[in-house]
Amino acid sequence: QNGDAFGADESLPLFILVVVKANPLMFHSVLAYVERFTTREARLTERGYALTQAWAAASFAEAVRREDLVGLEPGEWERRMGGDAPDAEDEL
């Protein structure tokens, strides 16, 4: 195996970061729309994999809590998340 391969263990956290930083408007609606018009066969392709990663990123952003993250510096949650608890549902 190639040690330089870039897999899901590296790409999903990066994708989550991109989605959280980009904060796309109506993200859930867009994902639901795309999923509605994506065939079963297409879900088995790279596009389907990207859709799955997008759903995973949205789910993580909605559900993440301070207690879920390891190694945060004091005050880092507040600085990065803009408060005591993320209100990702309104943003995503």
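The legends below describe several views of one predicted protein chain.

Residues are numbered from 1 along each chain as its sequence is written, and side-chain values use heavy atoms, with hydrogens and water left out. As this is a predicted model, local features need pLDDT of at least 70 and side-chain atom pairs count only at pLDDT 80 or more, while totals for chains, interfaces and linings use all residues.

**View 1. The whole chain, with five helices and zero strands.** Helices (H or I, at least four residues) and strands (E, at least two) are DSSP runs, numbered from the N terminus. Along the sequence the elements follow the pattern α-α-α-α-α. Of the 92 residues, 20% count as buried; buried means under 20% relative accessible area, exposed means over 50%, and partly exposed lies in between (1.4 Å probe, protein chains only). The accessible surface of the chain comes to about 7300 Å², and 55% of this area belongs to carbon and sulfur atoms. Such areas come from the Shrake-Rupley method with a 1.4 Å probe, and for residues only the protein chains shown count as cover. Contact means heavy atoms within 4.5 Å. Among contacts between residues at least 6 apart in sequence, 54% join residues at least 24 apart.

**View 2. Confidence along the chain.** The measure used here is pLDDT, the predictor's confidence in each residue, from 0 to 100. The chain averages a pLDDT of 83, and 86% of the residues score at least 70. Among the elements, helix α2 (residues 27-36) has the highest mean pLDDT, 95, whereas helix α5 (residues 88-91) has the lowest, 46. Over residues 85-92 pLDDT stays under 50, and for this stretch the model has 17 contacts beyond four places in sequence.

**View 3. Helix α3 and its buried residues.** Helix α3 has 18 residues, which at 1.5 Å a residue should span 26 Å; its end C-alpha atoms are 26 Å apart, in agreement with that value. The expected span is 1.5 Å times one less than the number of residues. Gly48, Leu51, Gln53, Ala54, Ala57, Ala58 and Ala61 are buried in this helix. An α-helix has 3.6 residues a turn, so residues three or four places apart point the same way. Glutamine 53 lies in helix α3 and is buried, with a relative accessible area of 12%. Which residues does glutamine 53 contact, leaving aside its neighbours within four places in sequence? They are Ser11, Leu12 and Phe15.

**View 4. Salt bridges around arginine 65 and arginine 66.** A salt bridge is a side-chain nitrogen of Lys or Arg within 4 Å of a carboxyl oxygen of Asp or Glu. By this rule the count comes to three salt bridges. Arginine 66 pairs with glutamate 78, the closest N and O atoms being 2.8 Å apart. This pair links distant parts of the chain, with arginine 66 in the loop between α3 (46-63) and α4 (76-81) and glutamate 78 in helix α4, 12 residues apart. Arginine 66 is partly exposed at 31% relative accessible area, and glutamate 78 is partly exposed at 31%. Salt bridges that share partners join Arg65, Glu67 and Asp68 into one network. In this network, arginine 65 meets aspartate 68 at 3.1 Å, N to O, and glutamate 67 at 3.8 Å between the closest N and O atoms. Arginine 65 is partly exposed at 46%, as is aspartate 68 at 39%, whereas glutamate 67 is exposed at 61%.

**View 5. The loop between α1 and α2, with asparagine 23 and methionine 26.** Asparagine 23 has a positive phi of about 50° although it is not a glycine. The residue is found in the loop between α1 (8-22) and α2 and is partly exposed, at 29% relative accessibility. Methionine 26, also a residue other than glycine, has a positive phi near 50°. Is methionine 26 buried or exposed? Methionine 26 is exposed, with a relative accessible area of 58%.

**View 6. A nonpolar patch on the surface.** The patch is formed by Leu25, Met26, Val30, Tyr33, Val34 and Phe37, with about 700 Å² of accessible area together. Patches are made of residues with over 30% relative accessible area and no salt bridge; like charges are joined within 9 Å, and nonpolar side chains (Val, Leu, Ile, Met, Phe, Trp, Tyr) within 5 Å. Phenylalanine 37 is found in the loop between α2 and α3 and counts as exposed, at 57% relative accessibility.
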